[in-house]
Each structure stands twice: as structure tokens, then as C-alpha cells.
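Student: Before I rely on any label, I would like to see how each one is earned. Could we go through them together?

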Amino acid sequence: MIIVALLLGALALWGASRLAWFAEFRDEGVRGTVLYSENGEQRATALVPLALLALAGVAGVIATGGWARRVLGVVLALAGVAGVWSGVAGVRFGGYAAGLPVTEMLLGRGIAVLGGILVALGGLAAIKGAGTARRLGARYAAPGAKKAQRDPDIELWDALSEGEDPTAGR
């Protein structure tokens, strides 16, 4: 769930950066009136870095555990909030001239908000599941000390299975 949310959030933030976020007609003198537009990357320069941070967060969530994953989750949640803020800052829903790509402009901002929400949810899920989720390489970690078994009969049989004489030290 965490990985899917972060990947979809990164894709949405990157996609929103490619759509038009601002457009107006400008008088260019000899050329007449032309359509001037700016995409999301020009208008909200944080979109692509936030998308890259979400992608790096995927690797970080896979590779870390415990407190490191909690810290990463906080960073991702804050990045998601920044993505949402980028989408809602300066939005207006009326007063556009005829012929402007209003649908694309509003869609780009909406996709940025959706991407920010997904990244924030992925970060919050990483914080919540930091203690229970497995981290990369946990299977290959060397065990610390052997846990003492409670039943002495089981200890005797385990010692025999390992080729040791359980009566040698007694």
C-alpha cells in the first residue's frame, strides 16, 4: 500500500507539472494577440523535486525500518502537504477569457492535489507501520544471542539434534 501510494503520487505530481497551469492572451505588437501559457513546472517549481522525493521514498521505505522509517514517513508526509499546497495556491475558478485551456489548468492543479494527498498518505502509512513492516535484508541479519527455550526436554533433544552431548556439562 505504501509503495503504490508513493508511486502513484510521484506519477501524479510529475504529470501535473506537464499540464498548463496558467494561460492568458498577450498583445505581441506585430504578431497580434497570442496565447501565453506556463505549465506546472514553471508555475510551481517544487512539483518535479517532490515527485523525485516520493520515488526516493519508495527505496527508503523498502530499505529502512524502525525509527529511520518513521523519520522518512514524516518527510514524505510533509512533501505531500507541499504538493497539495502547490496545487491549491493561487487557484481561481472564474474570470477566464474565452479560448483559454481552463479545463487543463484546473485539471493540472487537481492532479497535483491528488498526488500530494497520495504522497502524504504513503508517508503516514510508513509512520504507522514502521515497527511492524519488514525491512530490506532483515532475513539475512545475523541473530544476536540464542533465545533460551523454556522446556528443558526440548533443549536436550535440540542438543542431540545438533550433535552435542547434553549430559557432558552436568
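**Reading the labels**

Tutor: The secondary structure of the protein chain amounts to six helices and two strands, where helices (H or I, at least four residues) and strands (E, at least two) are DSSP runs numbered from the N terminus. This is a predicted model, in which local features need pLDDT of at least 70 and side-chain atom pairs count only at pLDDT 80 or more, while totals for chains, interfaces and linings use all residues. Residues are numbered from 1 along each chain as its sequence is written, and side-chain values use heavy atoms, with hydrogens and water left out.

Student: What makes R18 and E41 a salt bridge?

Tutor: A salt bridge requires a side-chain nitrogen of Lys or Arg within 4 Å of a carboxyl oxygen of Asp or Glu. The closest N and O atoms of R18 and E41 are 2.7 Å apart, so the pair qualifies under that definition. The pair links distant parts of the chain, with R18 in helix 1 and E41 in helix 2, 23 residues apart.

Student: Why is E38 called buried, whereas R43 is called partly exposed?

Tutor: Buried means under 20% relative accessible area, exposed over 50%, and partly exposed in between (1.4 Å probe, protein chains only). E38 has 15% relative accessibility and therefore counts as buried, whereas R43, at 42%, counts as partly exposed. E38 and R43 also form a salt bridge, with their closest N and O atoms 3.0 Å apart.

Student: How do you know that R109 has no salt bridge?

Tutor: The nearest side chain of opposite charge to the buried R109 is E38, at 8.3 Å, and the salt-bridge limit is the one already given, so R109 does not meet it. Here Lys and Arg count as positive and Asp and Glu as negative, while His and the chain ends are not counted. The side chain of R109, a residue of helix 5, does reach the backbone oxygen of A89 at 2.9 Å.

Student: What makes the length of helix 3 agree with expectation?

Tutor: The expected span of a helix is 1.5 Å times one less than its number of residues. For the 17 residues of helix 3 this gives 24 Å, and the end C-alpha atoms are 25 Å apart, which agrees.

Student: Which element gives the largest share of the largest nonpolar core?

Tutor: That core, a set of buried Ala, Val, Leu, Ile, Met, Phe, Trp, Tyr and Cys residues joined through side-chain atoms within 4.5 Å, has 20 residues. Its largest share, six residues, comes from helix 3.

Note on methods
A polar contact is a pair of N or O atoms within 3.5 Å; within protein, one must be able to donate a hydrogen and the other to accept it, and residues adjacent in sequence count only if both atoms are side-chain atoms.
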